[in-house]
Amino acid sequence: MREASLTRRELVAGGAALVASSWLLAGRAGAQASPSLRALAREVKGPVLTPRDSARLVFNERYADIRPLAVVQPVNAADVQACVRWAARRNVRITARSGGHSYAGYSTARGGLVVDLRRLASVSLSGRTVTAGPATHLIDLYAKLARRNATVPGGSCPTVGLAGLALGGGMGLAGRRFGLTSDNVTALQIVTADGRVRRCDADTNADLFWACRGGGGGNFGIVTSLQLRAHRVSSAAWFQISWPLSQGEEALAAWQQLAPAAPSALTSIFTIAQGRVSAAGQWFGGEASLRRLLGPLTRVAGASLSTGSAGYLAMMQRWAGCAGETVEACGAFRPERFDAGSAYVSKPLSARARAIAVAQAQRGGGTLLLDAYGGAINKVKADATAFVHRDELFCIQFYSGSSNADWLRSAQRALRPYTSGAYQNYIDPQLPNWEQAYYGANLARLREIKRAVDPDRVFRFRQAL
Ligand SMILES: Cc1cc2nc3c(=O)[nH]c(=O)nc-3n(C[C@H](O)[C@H](O)[C@H](O)COP(=O)(O)OP(=O)(O)OC[C@H]3O[C@@H](n4cnc5c(N)ncnc54)[C@H](O)[C@@H]3O)c2cc1C
């Protein structure tokens, strides 16, 4: 067995358990595998595993019982090429896994080949350019860059993978200041369905580069490396505010007027939970100016505000929910069972719509999380990259941590008259008309690019283009 060669980080991320529950084809049990899997194992340098389920692959436990045919952990792009060629030749479903956080479990496949990129997770910074492996955890990216007073804007969950995030957008607490993660990708390397490694940037394979910035994970090939623009940061200020439930509609009215139009240095999230209405956010500036800016929110009756400031890594850990922990502990893979979906709001919600939003959370079963857009996100033209949602005030995420699908569907239905579209990174397997919702006016060009680079649909899943 090659278990001893696992790195400490993989042990934390669950790699050891994955190996323990698997047959390692290089080991004795490999004899039980099919000849074609043994042939694949000979072609790649990384391990080929045959776990009984996807428990160590997927973050959403709803999909943990899916049994893939095999899981390969490539150590380089050549391994990925071998996997793609192997799967294409045999018409076996193939899917990439970076951080495993697909809401719909699309980074595993029943009876398919999972290309688990966890060994491609290095980060380096040269000048203003970050080069990172696809499976880099966000907290590792933030930690490595923070040491050099730099960052790339991204999401808040520490163990989300960089490639899955960047391919579908990537919204976080620096989003209005520096844009989406995908807006900051300057080049990438991808293995396409024909098994070729292609570099993509503004001049080389420009169509594919366009598609890979917002066109969604898993559609065009397997990304093996990304280059991103780094931004200088050293610290930021934060706020947290809450109101009595009775003031929920008024607080939402004040927030939706302020948050999407505020200076781009402010990004905030409004949360409506059962019995609680609150907002939180990050400001690239001092606490005093932040408090002044938040005046319209603090003037809503019963508001309770706290603010503070911290070094940038501490800020990222705050949003990740692991303040004060070591980066390593913060990066532990902690799967959950949930149902979630999203919808965009492009016009201020009326009093009636706000009342519905507050009432939906009070029924119990789920929470509404509203991410403010505007700022750097909306400065990019809707057709400049595949990420089409550039004219929105905010994105509503419907999140049921108790995995209450009934709550999710009825909350989405109740707000449908006031919303449109959906965020492709909050991928929702039950969403009707999902292609239009995720890609809107960019859908036709995305389909054309898909036909050109993957005519035989080597990369296919339930909501693949
Ligand atoms: C707890 C949690 C918190 C989140 N917070 C945020 C947030 O703050 N902001 C935000 O914008 N989003 C957030 N998301 C959503 C997240 O951006 C998406 O789920 C994203 O797709 C996850 O990427 P991943 O690499 O971790 O997932 P994976 O499941 O590995 O991949 C997601 C999809 O991309 C494909 N894919 C993965 N790697 C590659 C690759 N190398 N090449 C090509 N395709 C690939 C997969 O096949 C799959 O279809 C969150 C998700 C969770 C579960």
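This report describes the overall fold, the domains, one helix and one sheet of a protein chain.

**Overall architecture**

The structure is a predicted model. Its protein chain contains 18 helices and 18 strands. The radius of gyration is 22 Å, close to the 23 Å that the globule rule gives for 465 residues, so the protein chain is as compact as a globular protein of that length. Taken along the principal axes, the box filled by the C-alpha atoms spans roughly 70 × 45 × 45 Å. Buried residues make up 53% of the 465 residues in the protein chain. Among contacts with a separation of 6 or more, 70% join residues that are 24 or more positions apart.

**Domains**

The domain assignment of the protein chain gives the bounds tabulated here.

| Domain | Residues |
|---|---|
| domain 1 | residues 3-116 |
| domain 2 | residues 123-232 |
| domain 3 | residues 235-440 |

Between domain 1 and domain 3, the C-alpha centres are 34 Å apart. To the contact of these two domains, domain 1 contributes 11 residues and domain 3 contributes 14 residues. On the side of domain 1 that touches domain 3, the residues comprise 6 nonpolar, 3 polar and 2 charged.

**Helix α16**

Helix α16 covers residues 405-415, and its buried residues are W407, L408, A411 and Q412. Viewed down the axis of α16, these buried residues fall within an arc of 125°, so they line one face of the helix. D406 and R413, by contrast, are exposed on the other side of α16. The elements that cover the buried residues of α16 include two strands, β16 (339-345) and β18 (394-400), together with the helix α14 (351-362).

**A four-stranded sheet**

One open sheet consists of 4 strands in the order β1-β2-β4-β3, and its pairing is mixed. The edge positions are taken by β1 (48-49) and β3 (94-97), each of which pairs on one side only. In general, the strands of a sheet pair through backbone hydrogen bonds, either parallel or antiparallel. For the edge strand β1, the partner is β2 (residues 70-72), and the two run in the antiparallel sense over 2 bridges. Within this pairing, V48 has V72 of β2 as its bridge partner.

How values were computed: Residues numbered from 1 in each chain as written. Predicted model: local features only at pLDDT ≥ 70, side-chain atom pairs only at ≥ 80, totals over all residues. Rg over C-alpha atoms; globule rule 2.2 N^0.38 Å. Buried ≥ 20, exposed ≤ 12 C-beta atoms within 10 Å, placed from the backbone. Contact = placed C-beta atoms within 7 Å. Arc of directions from axis to C-beta. Domains from an automatic or database assignment. Nonpolar A, V, L, I, M, F, W, Y, C, P; charged D, E, K, R; others polar. Pairing = 2+ DSSP bridges.
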